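Welcome, and please open the model in your viewer. We will go through it one selection at a time, with a short note on what to look for at each stop.

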Amino acid sequence: MLYILIWIATLIISIYLFQKSSGSLSPLKPNLHSLVFYYSLLISSFIGPLLIVLNIDHHYMLDRLEHQEYRKIGFMYICYIMVFLPLAMVLVSKCLGFNAKKEFNEYLKSRINISGINSRDFFFIISVLSFLSVASILYTFIKLEHIPILELLKGSSDLGKLRIEASRGFKGNEYIRNIFALGLTPLLSFIAYAYSINTRSIRWRLLFIILFFLSILINVYDLQKAPVFFYFLMFILLNIYLGKFTLNIKRVSIIGIIGSFLLVCMYVFIQGVRTPAEFLSYNTGPIGRLILSQISPFFLHLDLFGNKLPFLHGKSLPNILLQLYDFEPQVRSAREVMETVYPEKVTAGIAGVLNTIFAGEAYANFGFAGIIIGTLYIGVFIQIMYISFIRIIKHPITLSIFIYFTVTIPRVMVGGFVDFVFNPFWILLIVLFLGLLVLQKMKVDFLRGFKDYLNQGKKSL
């Protein structure tokens, strides 16, 4: 009973703080914070721990837990995250004078602004980047022995192994695949769409259609279920923020029904799930995948690192940083846990990683201090980003990047911690596109100033 009361109190406090830091937790006005709260925390990370601490989870991963006291310890740390993550956000808002409700609603109502920006120049730049994305997609497929989506269409029965091979057995350059194929293509499709809506230009519409289908292709090629759903979620958010689409109870219900139907189809054809009991069970199938399979590895992280496995002490950072100090190649804690808990599946080539909430990797690298400090750090990081995008000009590029982060950050939160410390793609994204806006603005200001100078010269004559 005590843990149930703690859980309820934590939930109430967390809702209040998230509401205060975001301006809205309404499903009808989705934003970065509401996705973090509902997806990353409530569904993926907070419901499961209550079942785990009460020892009624009956989940196959927790059968591998050697030290049962981590059920209680893990539960308390999840409660800490639920409260102190949004608390850090509220404190940042106080320091920056951010009125979340007012500024968020004003941003939703504001229109796209491309005045003073040369659309022709940006079309050329986006077209060049789109060509790089297309080339990267072709490169990705060429470097694969088997493309899982094609093997599915051929009727292959070894799809699980093919998915792992496509992910961990990729023989090409991972930066080309991850940055230009997987990362850049969807983002470019959003930029093209925003421009096509604003300018009604046929060339922007044609570019969007090409990028739209390529984005779907690159999101489903390895048979992962989540990426394509998140891509469509980004597309819905983009239309909401453009003022072209509004949500109501009816539309949310329809979207939920369609999403559930597609999810069932993917589980039937990819996972081989057949009976209603497998779908509706709280610890297996789609429901179990959401509320238990996502958070259970966190408890395994607590159980293994510092006991059976040594702490990583920063070895999960990207290779580009580790190489500067002659460290060994990057070690992701999710892979370490998988190799320790399910070595037979790793050997068989049917298991990849056991991703979980960011606190798992933070703990694997820096112990309990990683959870405590990492939670505050991510709260500050998210709030500064949220405020920055709401306060800058609502341009197709800035809006598209904002939408990208709105959906990507909640996903990364249940995937690891080090991506919040150093993420090459995020840095490239901000430097490239915001740099283009700055250079374009400088060009416009220079030409305008030069024109005024010439006009003044004519008047003096």
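## A stop in the loop after α2

Start with His58, which sits in the loop between α2 and α3 (70–96). Keep in mind that this is a predicted model. His58 is not a glycine, yet it has a positive phi of about 50 degrees. Is His58 buried or exposed? With a relative accessible area of 57%, His58 is exposed.

Now jump to Arg200, in the loop between α8 (174–199) and α9 (202–220). Here again you will find a residue other than glycine with a positive phi, this one of about 55 degrees. Arg200 is exposed, its relative accessible area being 60%.

## Zooming out

Show the whole protein as a cartoon. You should see 21 helices and 0 strands. Colour the 461 residues by accessibility, and 50% of them come out as buried. How do the contacts spread along the sequence? Taking those between residues at least 6 apart, 77% join residues at least 24 apart.

## α1 against α2

Select helix α1 (residues 2–22) along with α2, which covers residues 32–53. Two packed helices are described by the angle between their axes and the distance between the axes. For this pair the angle is about 175 degrees and the axes are 12 Å apart. α1 and α2 are therefore roughly antiparallel, because an angle over 145 degrees counts as such.

Turn on side chains to see the interface. From α1 come residues including Tyr3, Trp7, Leu11, Ile15 and Phe18, and on the α2 side they are met by residues including His33, Val36, Phe37, Leu41 and Phe46.

Stay in α2 and centre on Val36. Its relative accessible area is 0%, so Val36 is buried. Which residues does Val36 contact, leaving aside neighbours within four places in sequence? They are Phe18, Leu41, Leu85, Ile382, Ile409, Pro410 and Met413. Try the distance tool on Val36 and Ile382: their C-alpha atoms are separated by 9.7 Å, although the two are 346 residues apart along the chain.

## Along α19

Ile382 leads us to helix α19, residues 368–391. Its 24 residues, at 1.5 Å a residue, should span 34 Å, and the end C-alpha atoms are 35 Å apart, which agrees. Follow the axis to Gly374, where α19 bends by about 25 degrees.

## Into the core

In soluble globular proteins, nonpolar side chains tend to be buried together. The largest nonpolar core in this model has 116 residues. Which members touch the most others? Select Tyr241, Phe298, Ile409 and Phe433 to see them.

Centre on Tyr241. Not counting residues up to four places away in sequence, it touches Pro30, Asn31, Phe104, Tyr107, Leu108, Lys394, Leu399, Phe402 and Ile403. Apart from the largest core lies another, of 11 residues, with Leu144, Ile149, Ile218 and Tyr221 among them.

## Last stop: Ser400

Finish in helix α20 (residues 396–413) by selecting Ser400. Ser400 counts as buried because its relative accessibility is 0%, under the 20% cut-off. Beyond its neighbours within four places in sequence, Ser400 is in contact with Leu187, Phe190 and Ile191.

Methods:
Residues numbered from 1 in each chain as written. Predicted model: local features only at pLDDT ≥ 70, side-chain atom pairs only at ≥ 80, totals over all residues. Heavy atoms only, no water. Core = buried A, V, L, I, M, F, W, Y, C linked by side-chain atoms within 4.5 Å. Buried < 20%, exposed > 50% of the residue type's maximum accessible area, 1.4 Å probe, protein only. Contact = heavy atoms within 4.5 Å. Helix = DSSP H or I, 4+ residues; strand = E, 2+ residues; numbered from the N terminus. Expected span 1.5 Å × (residues − 1). Bend = angle between axes of the 7 residues up to and from the residue. Axes fitted to C-alpha atoms, helices over the stretch in contact; angles between N-to-C directions. Parallel < 35°, antiparallel > 145°, perpendicular 65-115°, else oblique.
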